[in-house]
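Hello,

Here is the structure we talked about handing over. Please open it alongside the notes that follow.

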Amino acid sequence: MQPRTACTSINTPMTRKATLLACLLDYRIRFPDEATSVDRAIAAFQGSADPFSRRNLPGHVTASGIVLNVENGGIAAGQGQGDAAQVLLVWHAPTARWLQPGGHVEGDETPDQSALREVMEETGFRCGLHAWHRDPVVPIDVDIHRIPANPSKHEPEHWHCDLRFVLVPEGPAGTPLDAHAMVWRPLADIDAPGLSRIRDKLRRMV
């Protein structure tokens, strides 16, 4: 029997949807204190034809990567250095905030594959999943947030359900395809809305 990987899918919309729901259920088990918000996402996506489609309104799935500095961090290297770790953030002009790199799930990608691609495109770092994402592959965080209307793209207000994965650089940064201003920030300094919850989870990983 093949091991079940909750965020590993594929190809048809129905299979992708079933895999997503399994992923969210596994996440709910791992983080029971977040059950209320996860249950809302599950209920919304159960009635959706394709939760990954940008045309799926009022909301759809996105993915992002929490990139840890192995050399300076200790968490990624498994050395238990805690707040000495640094997290890679990029400047997100539409919201005027420093955020983790991420974006929409494209084609037949799984959410973790999408996070790896988005990080590569935005920062130039080729990464791998942190060992915390053991079988089944479950995100470190699921964040549901409102996206304001964007008239220039003819997009109404909608919601993103962002699946977040801890990533480790596998080599020096190359040239990003979609360059953003970026900065390494100490884990202890991460207090932006949505990221502080991840900071606390990362601390528990050591």
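Thr36 and Arg40 are exposed, on the other side of H2 from its buried residues. This is a predicted model, so please read everything below in that light.

The buried set of H2 is Ala35, Val38, Ala41, Ile42 and Phe45. These residues lie on the same side of the helix, because they cover an arc of only 125° around the axis. The length of H2 also checks out. Helix H2 takes in residues 35-46, 12 residues in total. At 1.5 Å a residue that should span 16 Å, and the end C-alpha atoms are indeed 16 Å apart.

Next, the sheet. It is open and has 3 strands, in the order S3-S2-S8. The pairing is antiparallel. Strand S3 (97-99) and strand S8 (182-186) stand at the edges. Each has a single partner strand, so one side of each is left without a neighbour in the sheet. On average, neighbouring strands are turned by 45° against each other, direction ignored.

S2 covers residues 86-92 and is joined to S3 by 3 bridges. One to look at: His92 has Arg97 of S3 as its bridge partner.

Finally, confidence. The protein has a mean pLDDT of 82, with 84% of its residues at 70 or more. Two stretches call for care. Over residues 1-5, pLDDT stays under 50, and the model has 9 contacts beyond four places in sequence there. Over residues 72-81, pLDDT also stays under 50, and the model has 26 such contacts for that stretch.

Best wishes

Notes: Residues are numbered from 1 along each chain as its sequence is written. This is a predicted model: local features need pLDDT of at least 70, side-chain atom pairs count only at pLDDT 80 or more; totals for chains, interfaces and linings use all residues. Side-chain values use heavy atoms; hydrogens and water are left out. pLDDT is the predictor's confidence in each residue, from 0 to 100. Contact means heavy atoms within 4.5 Å. Helices (H or I, at least four residues) and strands (E, at least two) are DSSP runs, numbered from the N terminus. The expected span of a helix is 1.5 Å times one less than its number of residues. Buried means under 20% relative accessible area, exposed over 50%, partly exposed in between (1.4 Å probe, protein chains only). The arc is that of the directions from the helix axis to the C-beta atoms. Two strands pair if DSSP finds at least two bridges between them. Axes are lines fitted to C-alpha atoms, for helices over the stretch in contact, and angles run from 0 to 180 degrees between N-to-C directions.
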